[in-house]
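Reader: Hey, got a minute to walk me through this model? I'd like the overall layout and then the odd spots.

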Amino acid sequence: MLRLLIESSILLVASAVATLATFWLHPYAPSLYVQMDPLREDEVTLDIIEERWGGNVQWVDARISEQFETAHIPGAVSLNEQHYDEQLFDLFETFQSLDRPIVIYCNSEACKASRTIADKLGVLPLEIYILKRGWPAWRKANSP
Amino acid sequence: MSIRLLSTLSAALIAVTAATPQASAQLVFDSTRLELNAAAADEVISGTFHFRNKGFADEEIIEVESTCGCLSATMDKQTYAPGEEGRLRAVFKLTNFVGIHEKLLIVRTANPKAPPIDLVVQINVPEIFRSSPEIHEWTLEGEADPRRFSVEILGDAPINITDVSATRTNVDFKLHTLEPGRRYEVEVTPHDTSRVTMGAIRLITDSDIPKFQRMMLFFSISPETKKSGGS
């Protein structure tokens, strides 16, 4: 019985060592916890928008037009990579008189459209931010 | 003793094998980068990625995520047998894009241990209309000197500027034609610099290509200038 116990323990320890070694060394081993990215300087959350500006911002939707037409944050305007120049041509008179910050959102964390639109608008003297986690964050906060 | 040693080593080998990615299915792309050269008037351009399942089990593609609504992908099928070749067609809607742009297609398979595969699609769209600088900026309470934008038409066909207007009434503007259809200058002079202003000069052209029919040149009067805006 004692021998069996010892042999089982040896097998268990050997397996554990091999597994741990693989976890540490393998390039595709998953992380043990979800890491939260810190906010970049021009990123905001819904809480920050409420706290800093009382929710009074100009929303800019950087998603494709079909997604904007399906649903968007109330008051948002559509300004996307695909139609940027023609949309800005029509929106400019709104932006040139803006007295509140612009907050841009797109489809998800992987979507880079918000950053692209922010960079393009950055040539203008506007106060521009990006909503962290974009449209899904707003939907989650505003779902019934 | 040797049997015990053998069983211990076997158990360790099983543990290592179980922890490594499943090597039985594996999609390998000929290239994970596609470069597409478009003409200025093109609305859509497409290209194809080729791949093969070099593993020993069927591989199912469950999702192809695009980082841009401008880029979509279609495949000839979803599941590929060992040794089977496949094609992934990338379709790019050009709309207003000009210059060099890179977007990603992220391919995910049903194999939970296989990492996503990033496919890069680069499009090159020739620049037809070039203006500089990006913006003219005057300093608040500074000199209200005239500044000029230069406009160049780079494509094969000339483009004429047919109308010029401003979104603000506190500036004067004048179009100078240096070479009809090819080179222009737009001179802008604020009446004064006493208040913060942002505005644009709108240009209407006779281009056949919709994305070059309406253009804007930006200006501002700001407490601090971001860029140098000399004439």
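Author: Here is a tour of the chains, the cores, the pocket and a few unusual backbone spots.

Author: This is a predicted model, where local features need pLDDT of at least 70, side-chain atom pairs count only at pLDDT 80 or more, and totals for chains, interfaces and linings use all residues. Residues are numbered from 1 along each chain as its sequence is written, chains are lettered from A and ligands numbered from 1 in the order in which they are written, and side-chain values use heavy atoms, with hydrogens and water left out.

Reader: Fine. How many helices and strands are in chain A?

Author: Chain A has 6 helices and 5 strands, counting DSSP runs numbered from the N terminus: H or I of at least four residues for helices, E of at least two for strands. Along the sequence the pattern reads α-β-α-β-α-β-α-β-α-β-α.

Reader: And what does the secondary structure of chain B come to?

Author: Chain B comes to 1 helix and 17 strands.

Reader: What share of each chain is buried?

Author: In chain A, 41% of the 144 residues count as buried, and in chain B, 42% of the 231 residues do. Buried means under 20% relative accessible area, exposed means over 50%, and partly exposed is in between, using a 1.4 Å probe and protein chains only.

Reader: What about long-range contacts in chain B?

Author: Take the contacts in chain B with a separation of 6 or more: residues 24 or more positions apart account for 65% of them. A contact here is heavy atoms within 4.5 Å. For chain A, 60% of the contacts between residues at least 6 apart in sequence join residues at least 24 apart.

Reader: Ok, cores. Which residues touch the most other members in the largest nonpolar one?

Author: That core has 28 residues, and A:Leu79, A:Leu88, A:Phe95, A:Ile104, A:Leu121 and A:Leu124 touch the most other members. The elements giving two or more residues are α4 (84–96), β4 (102–105), α5 (113–121) and β5 (128–131) of chain A, together with β16 (197–205) and β17 (214–222) of chain B. α4(A) gives the most, with 6 residues. There is also a second, separate core of 25 residues, which includes B:Leu27, B:Ile45, B:Phe92 and B:Leu105. For the record, a nonpolar core is a set of buried Ala, Val, Leu, Ile, Met, Phe, Trp, Tyr and Cys residues joined through side-chain atoms within 4.5 Å.

Reader: Where is the kink in α4(A) centred?

Author: The kink of about 50° is centred on A:Asp90, with the bend taken as the angle between axes fitted to the seven residues ending there and the seven starting there. Among the buried residues of α4(A) are A:Leu88, A:Phe89, A:Leu91 and A:Phe92.

Reader: And what covers the buried residues of α5(A)?

Author: The cover includes β1 (43–44), α4, β4 and β5 of chain A. The buried residues of α5(A) include A:Arg115, A:Ile117 and A:Leu121.

Reader: Switching to pockets. How much space lies in the largest one?

Author: About 810 Å³. A pocket is an open set of points on a 1 Å grid over the protein atoms alone, where a 1.4 Å probe fits, with protein on both sides within 12 Å along at least five of seven lines, and lining residues have an atom within 4 Å of a point. The volume is the space filled by probe spheres set on the points, which are joined across faces, edges and corners.

Reader: Which lining residues are closest to its centre?

Author: Of the 27 lining residues, the closest are A:Tyr84, A:Asp85, A:Lys120, B:Ser131 and B:Glu134. β17(B) supplies the largest share of the lining, 5 residues. By type, the lining divides into 16 nonpolar, 3 polar and 8 charged.

Reader: Now the odd backbone spots. Where's the cis peptide bond?

Author: The cis bond joins B:Ser132 and B:Pro133, with omega about 0°. B:Pro133 is in the loop between β10 and β11 of chain B.

Reader: Which residue in the loop between β11 and β12 of chain B has a positive phi?

Author: B:Glu141, with phi near 65°. At 60% relative accessibility, B:Glu141 counts as exposed.

Key
Nonpolar A, V, L, I, M, F, W, Y, C, P; charged D, E, K, R; others polar.
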